[in-house]
Amino acid sequence: MNDVRIIEVKENVLADNDKEAQILREKLHSKKTFLMNLMSSPGSGKTTTLLRTIESLKDKIRIGIMEADIDSDVDAKKVADAGVKSIQLHTGGMCHLDAAMTEQGLNELGCDDLDLVVLENVGNLICPAEFDTGAAKNVMILSVPEGHDKPLKYPLMFSKVDALIINKIDVMPYFDFDMEKLREYVGNLNKNVKIFPISAKSGEGVKDWTDWLLGEVQSHNK
């Protein structure tokens with residue numbers, strides 16, 4: 001009996017995507033455009049955090065936003081109303097963006113005149129963590145109501161991010177959320193991650209986050 005060939009499709013797909021992502025990353029660096037991949041669960045306050053970020057930085061750097069979702073253009077309209085260049089990306093049912101899809105979005109957005117492009121990825125903590133989009137930095141938002149144990153449940157996501165925003169700290173008194181435990185769990189997975197506790201609703205802590213982001217953009221685009 002002949003042996004059956006086994007092809008690791010997922011590994012091949014990820015390897016090809018990694019190559020495309022690196023080419024895109026180098027292309028963006030040469031254009032002095034900083035791409036940030038923003039990930040989170042649905043309901044974490046991603047768009048509200050993004051609006052706060054735009055409010056803080058839009059007079060200092062040129063910003064573009066790509067809103068990725070399975071359907072609808074609600075978030076893109078909110079961002080456009082904030083006065084920055086934006087487009088909506090529909091994934092056709094896919095739960096993530098890869099490098100090729102990101103590049104297609106960048107071409108449609110037009111990023112030659114932009115210092116910072118934020119890709120607001122599809123809302124979930126599994127698929128987006130597996131695919132390199134070509135971003136200079138990966139950022140995640142975790143909201144207080146989700147709990148401090150999320151790193152134990154979704155270790156890959158927390159191990160891949162450069163910065164972690166803890167949103168909705170204004171409601172911490174109403175939830176069993178242990179910030180020190182969260183820092184411990186994340187630290188076990190990722191020693192280099194920057195953690196920014198904020199309230200996108202009140203603005204508390206947002207300056208620390210945007211100061212860090214501005215510094216990263218300026219350093220990247222020198």
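A nonpolar core is a set of buried Ala, Val, Leu, Ile, Met, Phe, Trp, Tyr and Cys residues joined through side-chain atoms within 4.5 Å. Buried means under 20% relative accessible area, with a 1.4 Å probe and protein chains only. The model is predicted: local features need pLDDT of at least 70, side-chain atom pairs count only at pLDDT 80 or more, and totals for chains, interfaces and linings use all residues. Residues are numbered from 1 along each chain as its sequence is written, and side-chain values use heavy atoms, without hydrogens and water.

**Exercise 1. Take stock of the chain.**

Step 1. Count the elements: there are nine helices and seven strands. These are DSSP runs, numbered from the N terminus: helices are H or I with at least four residues, strands are E with at least two.

Step 2. Check burial. Of the 222 residues, 48% count as buried.

Step 3. Look at contacts (heavy atoms within 4.5 Å). Among those with a separation of 6 or more, 74% join residues 24 or more positions apart.

**Exercise 2. Describe the largest nonpolar core.**

Step 1. Start with its members. The core has 27 residues, and Met36, Ile65, Leu116, Trp209 and Leu213 have the most contacts inside it.

Step 2. Assign them to elements. Two or more residues each come from β1 (34–40), α2 (46–57), β2 (63–69), β4 (116–120), β5 (137–143), β6 (163–167) and α9 (206–220). The largest share, six residues, comes from α9.

Step 3. Look for another core. A second, separate one has 18 residues, including Met39, Met140, Met179 and Leu182.

Step 4. Zoom in on Leu116. Beyond four places in sequence, Leu116 touches residues including Phe34, Met36, Ile63, Leu213 and Val217.

**Exercise 3. Find how the buried residues of α2 are arranged.**

Step 1. Size the helix. α2 has 12 residues and reaches 16 Å from first C-alpha to last, close to the 16 Å expected at 1.5 Å a residue. The expected span is 1.5 Å times one less than the number of residues.

Step 2. List the buried residues: Lys46, Thr47, Thr49, Leu50, Thr53, Ile54 and Leu57.

Step 3. Look down the axis. These residues fall within an arc of 155 degrees, so they line one face of α2. The arc is that of the directions from the helix axis to the C-beta atoms.

**Exercise 4. Place Asn167.**

Step 1. Locate it: Asn167 is in strand β6.

Step 2. Judge its cover. Asn167 is buried, at a relative accessible area of 2%.

Step 3. Find its neighbours. Beyond four places in sequence, Asn167 contacts residues including Ser44, Thr49, Leu142 and Ser199. A polar atom of the Asn167 side chain lies 3.0 Å from the backbone oxygen of Ser44.

Notes: Buried means under 20% relative accessible area, exposed over 50%, partly exposed in between (1.4 Å probe, protein chains only). A polar contact is a pair of N or O atoms within 3.5 Å; within protein, one must be able to donate a hydrogen and the other to accept it, and residues adjacent in sequence count only if both atoms are side-chain atoms.
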